[in-house]
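Open the model in your viewer and keep the selection tool ready. The stops below go from the whole chain to single residues.

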Amino acid sequence: SLANPLRPAILAASRSSRVKRAVTGTPVTRKLVDRFIAGDDRNSVLRTVRALLDSGRSVSIDFLGEDTRDEEGARATVDEYLQLVAALGALPEAAPGGSGVRRLEVSMKLSALGLALPDRGTEVATENARTICAAAEAAGVWVTVDAEDHTTTDSTLSIVRELRRDYPWLGAVLQSYLRRTEQDCRELAGAGSRVRLCKGAYQEPESVAFRDRAAVDASYLRCLGVLIDGSGYPMVASHDPAVIAAVGPLVTKSGRTSTDYEHQMLFGIRDLEQGRLAGEGKQVRVYVPYGTQWYAYFMRRLAERPSNLRFFLRSVVSR
Ligand code: FDA
């Protein structure tokens with residue numbers, strides 16, 4: 001969380017290739033990595049997905065990777081998503097042509113689809129995202145575009161807006177730590193609009209983001225209020241007990257039912273709470289990452305919680 005004094009250092013390390021070599025070269029890392037990552041390949045993630053679906057939860061699957069520097073890399077990511085979507089489309093939970101909530105979703109990062117390429121980044125990422133959306137539509141699978149660091153917010157939201165003309169179910173992610181987000185919530189709270197609200201996981205400057213934890217939490221609750229009062233489909237992505245407790249009264253006041261919004265949590269985090277909410281008849285979607293490019297994702301999870309880092313360091317040092 002933002003209360004973690006080591007957070008800036010860990011997030012800086014998440015961008016360092018030297019630290020990456022040290023961390024990924026340590027065999028003990030694997031144990032903690034396995035807590036957050038559902039496997040190296042599609043077959044292992046599909047086993048996890050089966051178990052989550054059977055337990056009454058929905059899923060959003062992320063093929064790990066970010067900051068692609070070349071078009072071939074972006075193309076390879078698209079190919080993996082197409083195979084993933086095809087595999088999901090073969091599950092009984094797939095909903096081709098369905099207009100209701102789709103239990104199967106994929107999440108993707110535009111930086112993995114080429115957004116950061118020199119010159120043609122926006123076009124390449126848009127076309128790649130469109131290819132995945134078209135396949136997802138045919139398979140009865142939803143797509144949500146992850147939020148990355150603040151330098152990509154404008155381009156990401158404008159790409160989502162453009163693709164929503166053809167794929168109105170395409171979801172966006174907003175981060176409550178950004179000062180702009182309450183306004184973005186107002187703009188994206190319209191009918192049919194799916195918005196995943198999270199606190200935000202990157203290291204951002206004071207000029208664009210709230211830095212203290214209380215301000216981020218307060219912003220989250222304001223943004224949540226805007227989305228729930230709106231007419232879209234709010235996706236409440238948080239493990240925070242205070243956030244989860246706030247949802248019920250807001251939902252009741254707005255007259256929404258349990259199918260008009262959903263809770264979302266990350267694979268490996270508060271699994272019991274996920275099961276408890278699902279057991280109460282609430283919709284719960286689990287974000288399930290897989291693939292070998294887990295380093296940056298893993299470091300963001302370490303940065304969120306000092307005890308994760310302590311556990312990690314203790315296991316490295318005690319060898
Ligand atoms: P907070 O950090 O206050 O944590 C509340 C409690 O949750 C903790 O006390 C602990 O019990 C538990 N917890 C939280 N993080 C933990 C961890 N790493 N390990 C163990 N326990 C933990 N961010 C982003 O920038 N772009 C994105 O696209 C997404 N996408 C996304 C999807 C989904 C489904 C979720 C749940 C989250 C994201 N995030 C994200 C990450 C998000 O921005 C945020 O960093 C984390 O969810 C942690 O914030 P919480 O709201 O959970 O609260």
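Two residues are in contact if their C-beta atoms, placed from the backbone, lie within 7 Å. This is a predicted model, in which local features need pLDDT of at least 70 and side-chain atom pairs count only at pLDDT 80 or more, while totals for chains, interfaces and linings use all residues. Residues are numbered from 1 along each chain as its sequence is written.

**Whole chain.** Colour the chain by pLDDT, the predictor's confidence in each residue, from 0 to 100. The mean is 94, and 97% of the residues reach 70 or more. For the complex, the predictor gives an ipTM of 0.98 and a pTM of 0.96.

**Residues 46–311.** Select this range, which UniProt (unreviewed entry) labels "domain: Proline dehydrogenase". Such annotations may be inferred rather than shown by experiment. The range is 46% helix and 16% strand, and its end C-alpha atoms are 28 Å apart. Helices (H or I, at least four residues) and strands (E, at least two) are DSSP runs, numbered from the N terminus.

**The ligand.** Select the residues near the ligand, meaning that the C-beta atom, placed from the backbone, lies within 6 Å of it. There are 25, and the closest are D146, C198, S238, H239 and Q264. The elements giving two or more residues to this shell are β4 (171–175), β5 (194–198), β7 (262–266) and α12 (295–304).

**Strand β7.** Which element gives the largest share of the shell? β7 does, with three residues. Five of the five residues of β7 are buried, that is, 20 or more other C-beta atoms lie within 10 Å of their own; a residue is exposed if the count is 12 or fewer, and partly exposed in between. E262, Q264 and L266 point one way from β7, and H263 and M265 the other way. Now add β6 (residues 233–237), which runs parallel to β7 and is joined to it by three bridges; DSSP must find at least two for strands to pair. M235 stands opposite E262.

**Annotated binding site.** Select K109, R300 and R301, which the unreviewed UniProt entry covers with "binding site". Is K109 buried or exposed? K109 is buried, because 25 other C-beta atoms lie within 10 Å. K109 is in the loop between β2 (104–108) and α6 (121–139). Leaving out residues up to four places away in sequence, K109 touches E66, D146 and E148.

Move to R300 in helix α12. R300 has 17 other C-beta atoms within 10 Å, so R300 is partly exposed. Beyond its neighbours within four places in sequence, R300 is in contact with L11, S14 and A201.
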